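Here is a friendly walk through one structure, meant to be read with the model open beside it. Please take a look at the sequence and the coordinates first.

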Amino acid sequence: MTIPAGSLLVAQDLRKAYGPTTALDGAEFSIHPGEVVAVMGPSGSGKSTLLHCLAGIVMPDSGSITYAGREVTAMSDAERSALRRSEFGFVFQFGQLVPELTCVENVALPLRLNGSSRKEAERTALAWMERLEVDDLRKKRPGEVSGGQGQRVAVARSLVTNPRVVFADEPTGALDSFNGERVMELLTDAARSANAAVVLVTHEARVAAYSDREIVVRDGRSRDMERVI
Ligand SMILES: Nc1ncnc2c1ncn2[C@@H]1O[C@H](COP(=O)(O)OP(=O)(O)OP(=O)(O)O)[C@@H](O)[C@H]1O
Ligand SMILES: [Mg+2]
């Protein structure tokens, strides 16, 4: 593959097997700073595995991943976890908020883990919650808010450290279409204004429509799909 000039995150020839199951079979990927890329494809095709490899959560069996000129696939576990904490944000389908913490404490958590004081972390967290229109939920716990509100809180948390890349795996998968579109609109607007790239895994064409570019994964292999408008 020719690596597009100026790419922030590049993966080449990724292979990953779970026992007899091939999850990735030569997948490739690249994203520019601030770009929103949707990863589409059938269930079991390897989308989540690709996302987890790109995010340094899962190590591929072979192939290379480079982030900002640094080879992620050559890093130690500690280096990869430091990279995740400082450069990446995450939103998953559901269940990622800590039930015992209030919404503002949840959003502030990545900053607290990076060493910020509670006051400082919660001030930054509230600014992001305002942007995602969930600041009125600051004192509520995740069990006391709706699915759409919870996902907006999760999006605020994914952006609070000012990451360069947000990884989102089916972030609207558990929402109705109205709430799903609202979450996508707020996620992509907030990411674009912060110049954060977004890797968005989704089944839904209407969610992928918020991206700049789409790639399709089939049987562990990826290819660019020209946007059909
Ligand atoms: N931890 C694991 N252990 C064993 N097999 C796994 C594991 N993770 C994924 N697989 C297998 O690897 C293949 C790709 O899985 P993956 O989760 O990446 O698919 P997906 O495209 O995200 O699917 P979905 O759309 O249903 O979320 C599947 O056959 C899956 O069963
Ligand atoms: Mg998946």
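The notes below go from the ligand to the sheets, the core and a few single residues.

This is a predicted model, in which local features need pLDDT of at least 70 and side-chain atom pairs count only at pLDDT 80 or more, while totals for chains, interfaces and linings use all residues. Residues are numbered from 1 along each chain as its sequence is written, and chains are lettered from A and ligands numbered from 1 in the order in which they are written.

**Around the ligand**

Let us begin with ligand 1. Its shell is made of Tyr-18, Thr-21, Ala-23, Gly-41, Ser-43, Gly-44, Ser-45, Gly-46, Lys-47, Ser-48 and Thr-49 (a residue is near a molecule if its C-beta atom, placed from the backbone, lies within 6 Å of it). Strand 2 (21–31) and helix 1 (47–54) are the elements that give two or more residues to this shell, and helix 1 gives the most, with 3 residues. Helices (H or I, at least four residues) and strands (E, at least two) are DSSP runs, numbered from the N terminus. Sorted by class, the shell around ligand 1 holds 2 nonpolar, 8 polar and 1 charged residues; here Ala, Val, Leu, Ile, Met, Phe, Trp, Tyr, Cys and Pro count as nonpolar, Asp, Glu, Lys and Arg as charged, and the others, Gly among them, as polar.

**Strands and their partners**

An open sheet is formed by 4 strands in the order 2-1-4-5, with antiparallel pairing. Strand 2 and strand 5 (70–71) are at the edges with a single partner strand each, so one side of each has no neighbour in the sheet. Two strands pair if DSSP finds at least two bridges between them. Three of the pairings can be set side by side.

| Strands | Sense | Bridges | A facing pair |
|---|---|---|---|
| Strand 1 (residues 9–18) and strand 4 (residues 62–67) | antiparallel | 5 bridges | Val-10 and Thr-66 |
| Strand 6 (residues 88–91) and strand 7 | parallel | 4 bridges | Val-91 and Ala-168 |
| Strand 7 and strand 8 (residues 197–201) | parallel | 5 bridges | Asp-169 and Val-201 |

Strand 7 also belongs to a right-handed β-α-β unit together with helix 6 and strand 8 (right-handed if, with the strands pointing away from the viewer, the path from the first strand over the helix to the second runs clockwise). In strand 7, 5 of its 5 residues are buried (20 or more other C-beta atoms within 10 Å of a residue's own; exposed means 12 or fewer, and partly exposed in between, with C-beta atoms placed from the backbone). Val-165, Phe-167 and Asp-169 cover one side, and Val-166 and Ala-168 the other.

**The core**

In the largest nonpolar core, with its 65 residues, Val-39, Leu-54 and Ala-156 touch the most other members. Such a core is a set of buried Ala, Val, Leu, Ile, Met, Phe, Trp, Tyr and Cys residues joined through C-beta atoms within 7 Å. Beyond its neighbours within four places in sequence, Val-39 is in contact with residues including Lys-47, Leu-50, Val-199 and Ile-215 (C-beta atoms, placed from the backbone, within 7 Å).

**Two unusual backbone angles**

Most residues other than glycine have a negative phi. Ala-68, in the loop between strand 4 and strand 5, has a positive phi of about 50°. Ala-68 is partly exposed, with 14 C-beta neighbours inside 10 Å. Glu-170 likewise has a positive phi of about 50° and sits in the loop between strand 7 (165–169) and helix 6 (177–193). Glu-170 is buried, with 20 other C-beta atoms within 10 Å.

Notes:
Contact = placed C-beta atoms within 7 Å.
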